[in-house]
Amino acid sequence: EELKQEKLDMINLASYEVIRNSGGKNNTRMIVMPTMDTNHEPQKSNPLYELIDGLNDENIIATIHYYSEYVYSANLGITGFDEPLYDWSNEYTARVAAEDAFDIVYNTFTQNGIGVVVGEWGLLGYDAGNECNQLGEELKYYDYINYLGEERGFSLMFWDNGSGIDRLDKDLLILQN
């Protein structure tokens, strides 16, 4: 894991140097740098914060991806957005997991003056049916992630795996059931 982080830091720094030293307006161009595995957890986001902080450059943005807790996101038995995710807690839901994740990112980056792009977010499950996330539960998730992003000042990029947007409808982008 440590070697992986060192390699990511080297790539981020090399890209930074190439962009900043290539002339034109690139000396102030916004640069987006990912956390390790584009993960929000502190052990993945803290090293990126330290790297960005050390560069003392206000034009760097951090990026993560967010697909909720896998047991909800991938339709692995938990289909309700506010349904407990694990046996060890009746309080830990996909909603709480999203709040926790966005709080970590906010406290690590935004609160310290570093912008955040959630470069991918969505759900991992492809299926439809009663045993899967029903449309209403998905809509709760989508609505809440948008709310959290706006509240914390993140830019969000929805990543649809094919179950959310009807690509056959040429006039409207609507959610499928």
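**Exercise 1.** How many of the seven residues of E2 are buried?

*Solution.* In this predicted model, strand E2 is mostly covered, since six of its seven residues are buried. The next step is to look at the strands beside E2. Strand E1 (residues 31-34) pairs with E2 in the parallel sense, over four bridges, and within this pairing Thr63 of E2 is the bridge partner of Pro34. E2 also runs parallel to E3, to which six bridges join it, and here Ile61 has Gly115 in E3 as its bridge partner. Finally, E1, H2 and E2 together make a β-α-β unit that is right-handed.

**Exercise 2.** Find out whether the length of helix H4 (residues 94-108) agrees with the expected span, and then say on which side or sides of H4 its buried residues lie.

*Solution.* Begin with the length: at 1.5 Å a residue, the 15 residues of H4 should span 21 Å, and because the end C-alpha atoms are 21 Å apart, the two values agree. Next, list the buried residues of H4, which are Ala94, Ala97, Ala98, Ala101, Phe102, Val105 and Thr108. These residues cover an arc of only 130° around the axis, and therefore they lie on the same side of H4. As a last step, ask what this side meets: the buried residues of H4 pack against several elements, among them helix H2 (42-55), strand E2 (60-66), strand E3 (115-121) and helix H5 (135-152).

**Exercise 3.** Which parts of the chain does the salt bridge between Lys44 and Glu1 tie together, and is each partner buried or exposed?

*Solution.* The side chains of Lys44 and Glu1 meet with a distance of 2.9 Å from N to O. Lys44 belongs to helix H2, whereas Glu1 belongs to the segment before helix H1 (2-20), so the pair ties together parts that are 43 residues apart in sequence. For the second half of the task, compare each value with its cut-off: Lys44 has a relative accessible area of 11%, and because buried means under 20%, Lys44 is buried; Glu1 stands at 59%, and because exposed means over 50%, Glu1 counts as exposed.

**Exercise 4.** Where do Lys4 and Asp37 lie, and how exposed are they?

*Solution.* A salt bridge joins the side chains of Lys4 and Asp37, at 3.1 Å from N to O. Lys4 lies in helix H1 and Asp37 in the loop between E1 and H2, so this pair ties together parts that are 33 residues apart in sequence. Lys4, at 40% relative accessibility, counts as partly exposed, and Asp37, at 42%, counts as partly exposed.

Definitions and conventions:
Residues numbered from 1 in each chain as written. Predicted model: local features only at pLDDT ≥ 70, side-chain atom pairs only at ≥ 80, totals over all residues. Heavy atoms only, no water. Helix = DSSP H or I, 4+ residues; strand = E, 2+ residues; numbered from the N terminus. Expected span 1.5 Å × (residues − 1). Buried < 20%, exposed > 50% of the residue type's maximum accessible area, 1.4 Å probe, protein only. Arc of directions from axis to C-beta. Contact = heavy atoms within 4.5 Å. Pairing = 2+ DSSP bridges. Right-handed = clockwise from strand over helix to strand, strands pointing away. Salt bridge = Lys/Arg side-chain N within 4 Å of Asp/Glu carboxyl O.
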